[in-house]
Amino acid sequence: MRTIDKLVAPHLKLAPVLVKRAPSLTLTFDDRRKSRLAATLDNGEEVALVLPRGTVLRDGDVLVADDGALVRVVAAPETVLYVRAKDALTLTRAAYHLGNRHTPVEVGVDFLKLEYDPVLADMLKRIGATVDQVSMPFQPESGAYGGGHKHGHDETFAEDYALAQQVFGEHHGHEHSHDHDHDHGTHGHSHAHASHGHDHDHAHSHDHAGHVHDESCGHGDHRHHAHR
């Protein structure tokens, strides 16, 4: 069984004839966002898909097998909700409410497309949108559901996302690490002083000599001598 483990970078321009001759791999959106998958090419060959985690494949992507052969990705038709509206405001409201629910959505000039969900269909109809259940390829906005996978179809988004992740990591990650280490340091420090430093200071304020001579006696005797 061949393993498909590389995605051709979008800036690498392959000869159209090579891509056209490559066997195709037709996948639903759910399968296109899996980095590990046992699949069957459209010519019947069974293959193993092993890609970097977070990769989300799109229609037209070109993959490379472990023997150097090319494989072309095709978005499979699947049951989706095709959403239209009588005006731009209603369609915008529909997009807003779907976004509020973190729903993967394909955005067109005058339509929205999402995976079939009767509850969402009812919600969209209530705000005035027209909703049809159809069988079509589904390609939601790239990047938002793929863990920051950089993709040629949405280069700007991916670069912005990567920058945001870097900044978040530098600040939040650093602070978390710092706080974590600091807490441990403080924790150890407080243990060291709970039996010595704190009572030591307390004894100093009352009877330094008593503290020095009876330090080995334990906390009970130590405090007793300190408060004479």
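**Close-up 1. Q139 sits in a loop of this predicted model.** The loop runs between β10 (130–137) and α5 (155–194). From there, the side chain of Q139 reaches the backbone nitrogen of D59. The distance is 2.7 Å.

**Close-up 2. Contacts of Q139.** Residues up to four places away in sequence are left out of this view. Beyond them, Q139 touches R32, R58, D59, A75 and E106. D59 is also the residue whose backbone nitrogen the Q139 side chain reaches.

**Close-up 3. An open sheet of 4 strands.** The order is β8-β9-β7-β10. Pairing is antiparallel. β8 (105–107) and β10 stand at the edges. Each has a single partner strand, so one side of each is left without a neighbour in the sheet. Neighbouring strands are turned by 30° against each other on average, direction ignored.

**Close-up 4. β7 beside β10.** Strand β7 covers residues 77–84. It is joined to β10 by 8 bridges, and the two strands run antiparallel. One bridge can be picked out by its residues: R84 has T130 of β10 as its partner.

**Close-up 5. Helix α3 on the sheet strands.** Helix α3 spans residues 88–100. It lies across β7, β8 and β9 (112–115). Against β9, helix α3 runs at about 30°.

**Close-up 6. Helix α4 on the sheet strands.** Helix α4 spans residues 118–126. The strands it lies across are β7, β9 and β10. Against β10, helix α4 runs at about 135°.

How values were computed:
Residues numbered from 1 in each chain as written. Predicted model: local features only at pLDDT ≥ 70, side-chain atom pairs only at ≥ 80, totals over all residues. Heavy atoms only, no water. Polar contact = N/O pair within 3.5 Å; in protein donor to acceptor, adjacent residues only side chain to side chain. Contact = heavy atoms within 4.5 Å. Pairing = 2+ DSSP bridges. Axes fitted to C-alpha atoms, helices over the stretch in contact; angles between N-to-C directions.
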